[in-house]
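Please read the following explanation alongside the sequence and the coordinates, and turn the view as each part comes up.

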Amino acid sequence: MIYSSLLYIYGFLPLALLIFYAVPKKHREAVLLVLSGVFCASFSLYYLIFMAVYVLLNYTMCRITEYLKRKKSIAEVAMASTVILDITVLFSFRAPYMSWFAGMIRAPEGIYAVGISLFTLSAIGTLVDVYKGNEKAEKNIIRYALYIMFFPRLFIGPVMRYSTFRKVMAHPQTGAAQVGKGLAVFVKGLAKKVILADTLFMLYTAVYASDDTKVPAVSAILGIAAYLLGIYFEMSGLADMGAGTSLCFGYRFPECFRYPIFSKRINYYAMRWNTPVVMWFKRYILWPLTISAKSGFARGVVFLFAWALTGFWYTFDLSGVAAGIFLGAAILIENRLRSRNTLRITGVVYTLIISGMSALIFSQESLHGFFREIGSLIGMDGLADSSSLYMLKEYTLLLIAAAFFSSGISKKLAGKVKKLKAAEKLSLVIPAAVLVMLVLCTALMASGGRSDQLFIKL
Amino acid sequence: MDRYKKITAAAVLGFAAVMAFGTFLSRGKKESADEARTLTEFPKASLSAMFDGSFPEQAEKHFTDHFMLRSKWLSFESDIQPRIGERIVNGVYIGEDRLLNCGISDRIPDPSAAERINDFAAGYDGTVYIAAVPSSSGVYDDELPYHLHGDSEAQQISGFYDSLSGSVRKIDAYNILRMLRDNYIYYRSDTKWTSYGAYCVYRTVIQKLGFLPTTYDKYTVLHVSDNFRGNLYNRTLYKDIMPDLLDIYEYPDGAQVTACMASDGDGHTVESSLYDMDMLETSDMYRMYLGKDVPVLDIETSLNNQRKLLVIKDSYADCFIPFLTQHFSRITVVSPEHMKGVLSDNVDVSDYEQTLILFGIENIGNTGFFSGISS
């Protein structure tokens with residue numbers, strides 16, 4: 001089951017809320033764990049068993065690592081061996097060249113451990129923190145299990161430190177108003193996914209699907225715009241759906257996406273795109289390595305390495321590495337060259353160009369493909385043909401709408417409206433708007449019953 | 001400010017509850033008349049089906065299929081999706097004035113199918129004629145957006161013909177239809193040709209079989225329905241395409257059908273007819289041609305020329321068969337899709353001096369379709 005499916009919206013979620021609010025407060029975390037178990041089983045029973053083993057193993061190793069804290073060297077072995085095992089499992093599901101390992105742990109054909117990229121980061125981070133003594137190992141296994149497999153966090157996170165998670169879980173804010181807010185956020189995410197991302201994917205495939213490798217410049221630009229915006233809306237839509245669901249149960253987790261596309265600096269773009277994951281790589285890869293790097297040059301190399309790894313985490317192949325290094329290098333150069341008082345608009349334009357380029361590298365399977373794309377972009381295959389004009393005609397409106405909603409202007413406008421005197425009355429439009437959006441999205445999912453991940457699978 | 005949040009919660013959850021309850025109530029429904037298909041059943045629970053995920057997958061399909069007011073939702077989807085720039089719904093392209101199937105490029109002609117036909121022709125004393133009929137998306141492929149153009153149906157058909165032996169007489173239905181594309185030769189809401197499309201190809205086919213075609217002016221064309229919605233409509237429920245006409249070509253002065261017997265392959269025969277008007281009252285109106293699906297249909301006419309024809313066909317031929325009745329005293333129509341066992345179990349092939357294999361492009365990549373032709 002995925003969030004953007006009829007079964008989730010009209011079956012699982014309402015039923016989960018009903019059960020959750022019917023149960024006394026002290027049992028609610030246990031209920032959430034049972035619900036998360038059912039959610040996992042809705043992929044396959046194998047996945048549920050896998051998750052149970054994974055949770056038990058990491059929970060036990062956290063406890064053991066803490067228990068052995070005095071004997072540093074044994075604790076290190078316990079920690080390191082678990083980290084290696086977690087990473088091996090991650091590779092076995094995500095990298096085709098490691099799928100023999102998935103076979104070894106008896107994964108049935110075609111079963112994917114959903115969200116494994118995310119919860120591996122969580123598990124490893126916590127293990128390292130416990131080992132370093134920055135974090136106490138969780139004794140409550142229900143809560144630790146929720147840390148790994150709470151269903152609203154399964155697909156996209158946010159990845160966070162255990163202490164942050166603990167704080168959020170300690171003070172849930174439940175109630176009808178909270179549910180309403182959560183549902184509004186959920187529907188916003190659903191609309192991002194079903195209306196914007198899915199349609200942008202159609203434009204993207206329209207540009208690149210044909211066997212003809214000649215792509216005129218206009219089509220190529222449309223294709224990159226569709227890819228960048230599409231991947232943004234798919235991921236941030238997923239994040240919103242997860243965050244909305246969490247809110248319904250009273251938990252407010254950190255935000256993943258903070259309007260990265262129209263940033264005025266590359267650095268901001270990179271930091272606003274899936275912030276928790278970027279922070280994870282900073283905390284556990286970049287900072288420890290930077291401390292040990294002596295020269296400025298070595299620090300630069302470490303910086304690029306951390307970005308390469310971040311990119312690799314998305315794709316598990318070289319295109320992600322290349323895109324990561326490209327983005328990291330752009331940030332380094334920007335930090336050197338950029339004076340503080342550049343015009344906002346120049347900043348936005350070059351950030352767009354750089355982020356578009358990194359998206360282009362990210363989407364290509366080979367270097368050859370990348371250069372072919374660059375050739376298309378500068379008009380080596382002509383400026384436009386009849387299919388470019390067709391796409392321009394069909395999709396311009398969509399691209400403008402997508403750009404608008406990715407820019408953050410809509411949020412600023414909403415903030416201004418809130419300050420108006422009539423805000424109280426105007427806010428009554430919101431329930432109607434949410435319901436209309438929900439009906440539209442339901443209709444758009446009607447034929448297949450769901451809207452699958454199209455751009456990226458984490 | 002909390003008030004609007006509470007109203008949102010009540011509105012969304014209320015709506016979800018109504019939909020969920022309605023879905024629960026309609027869970028027993030077996031078939032959808034609008035979509036003309038069987039709905040997914042709730043899966044049988046078993047440990048292995050749970051383990052590999054096939055149980056939850058089918059359960060979700062069941063939920064989707066029985067979703068409250070599904071037909072209305074689907075129709076709504078087809079209505080709004082083109083407005084946001086996405087003209088493909090459920091694999092169907094919604095064009096200006098017709099619906100077109102989009103799955104053209106992923107169909108690969110099956111070489112073993114050609115071998116089956118060659119085997120059949122080799123062990124057969126008479127002459128084999130073959131006509132592969134393109135679908136509407138083959139003839140009107142230029143109306144599809146550029147990126148959907150795959151291997152054209154013309155290429156698929158000629159590739160298939162090339163792998164047939166020289167003794168099989170091939171009929172180029174594609175180019176005949178392509179030339180006449182400004183006429184009403186294809187339904188707007190179905191992949192298949194109209195009776196007129198079939199008539200245009202019939203003129204060529206019957207000459208190859210050694211007869212003069214009946215000229216168009218001899219026929220009286222009856223529009224038996226002006227409200228036909230075909231298989232592409234069933235997949236989208238898109239209402240803004242004009243409904244289609246179903247025609248019957250009558251030739252009052254010509255030969256008449258004297259007997260029409262359908263056999264079910266088990267030795268039972270029932271009386272049938274070329275047209276089953278009762279089907280016009282159902283959601284599957286196209287079955288008006290030749291009636292319900294049967295493995296073998298035996299047609300005898302008032303002609304006394306001792307000419308016998310064996311037709312091996314799929315549903316494309318249903319509106320084509322009536323034209324043949326003016327030339328043969330006996331026509332036996334076999335549908336491999338519904339036939340039990342192999343061809344020789346159902347008919348004595350040596351009785352016929354001519355065999356016509358007539359099928360739609362959909363079956364060109366279908367291994368099962370031709371597998372029973374030669375034993």
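How many residues of domain 1 of chain B are in contact with domain 2 of chain B, and how many of domain 2 take part? In this model, which is a predicted one, 5 residues of domain 1 of chain B are in contact with 4 residues of domain 2 of chain B. The domain 1 side of that contact is made up of 2 nonpolar residues and 3 charged ones, with no polar residue among them. The division behind this count places residues 1–68 of chain B in domain 1 and residues 101–371 in domain 2, and the centres of these two domains, taken over C-alpha atoms, are separated by 39 Å.

Chain A can be read in a similar way, beginning with its overall form. Chain A has 20 helices and 0 strands, and its C-alpha trace spans about 65 × 60 × 50 Å along its principal axes. For a chain of 458 residues a compact globule would have a radius of gyration near 23 Å, and because chain A has 23 Å, its value agrees with that expectation.

Two domains are assigned within chain A, namely domain 1, which covers residues 6–171, and domain 2, which is written in two pieces as 178–264 + 342–444. Their centres, again taken over C-alpha atoms, lie 30 Å apart, and the contact between them takes 14 residues from domain 1 of chain A and 15 residues from domain 2 of chain A. On the domain 1 side, the elements that give two or more residues are α1 (6–22) and α8 (162–170) of chain A, and α1(A) provides the largest share, with 4 residues. By class, this side of domain 1 of chain A has 12 nonpolar residues, 1 polar residue and 1 charged residue.

The loop that precedes α8(A) deserves a separate look. A:P158 has its place in the loop between α7 (141–149) and α8 of chain A, and the peptide bond that leads from A:G157 to A:P158 is cis, with omega near 5°.

Helix α9 of chain A, residues 176–208, is a useful guide through the next part, beginning with its packing inside chain A. With α20(A), residues 429–444, helix α9(A) packs at an angle of about 40°, the two axes being 9 Å apart; the pair is therefore oblique, and its crossing is left-handed. The residues that α9(A) brings to this contact include A:L183, A:V187, A:L190 and A:V194, and among those they meet in α20(A) are A:V434, A:M437, A:L438 and A:C441. The contact of α9(A) with α20(A) consists of 14 nonpolar residues, with no polar and no charged ones.

What does α9(A) meet in chain B, and at what angle does it pack there? Its partner is α1(B), which α9(A) meets at an angle of about 70°, with the axes 7 Å apart, and these two helices are therefore roughly perpendicular to each other. The crossing of α9(A) and α1(B) is left-handed. Among the residues in contact are A:A176, A:V179, A:K181 and A:L183 in α9(A), and B:D2, B:K5, B:I7 and B:V12 in α1(B). By class, the contact of α9(A) with α1(B) has 8 nonpolar, 2 polar and 4 charged residues.

This helix pair belongs to a wider contact between the chains, which takes 48 residues from chain A and 41 residues from chain B. On the side of chain B that touches chain A, the elements giving two or more residues are α1 (2–25), α2 (47–51), α3 (54–65) and α4 (70–80) of chain B, and of these α1(B) gives the most, with 16 residues. The side of chain B that touches chain A has 25 nonpolar, 8 polar and 8 charged residues.

Two further details complete the tour. In chain A, α6(A), residues 116–132, and α12(A), residues 275–292, pack at an angle of about 30° with their axes 11 Å apart, and α6(A) passes α12(A) in a left-handed crossing. Here A:L121, A:G125 and A:V128 of α6(A) meet A:V277, A:W280 and A:Y284 of α12(A), a contact that divides into 5 nonpolar residues, 1 polar residue and no charged ones. In chain B, B:L290 is found in the loop between β11 (269–271) and β12 (296–301), and B:L290 has a positive phi of about 65° although it is not a glycine.

How values were computed
Residues are numbered from 1 along each chain as its sequence is written. Chains are lettered from A and ligands numbered from 1 in the order in which they are written. This is a predicted model: local features need pLDDT of at least 70, side-chain atom pairs count only at pLDDT 80 or more; totals for chains, interfaces and linings use all residues. Two residues are in contact if their C-beta atoms, placed from the backbone, lie within 7 Å. Ala, Val, Leu, Ile, Met, Phe, Trp, Tyr, Cys and Pro count as nonpolar, Asp, Glu, Lys and Arg as charged, and the others, Gly among them, as polar. Axes are lines fitted to C-alpha atoms, for helices over the stretch in contact, and angles run from 0 to 180 degrees between N-to-C directions. Angles under 35 degrees count as roughly parallel, over 145 as roughly antiparallel, 65 to 115 as roughly perpendicular and the rest as oblique. A crossing is left-handed if the near helix is turned anticlockwise from the far one by less than a right angle, and right-handed if clockwise. Domain bounds come from an automatic or database domain assignment. The radius of gyration is taken over C-alpha atoms; the globule rule is 2.2 Å times the number of residues to the power 0.38.
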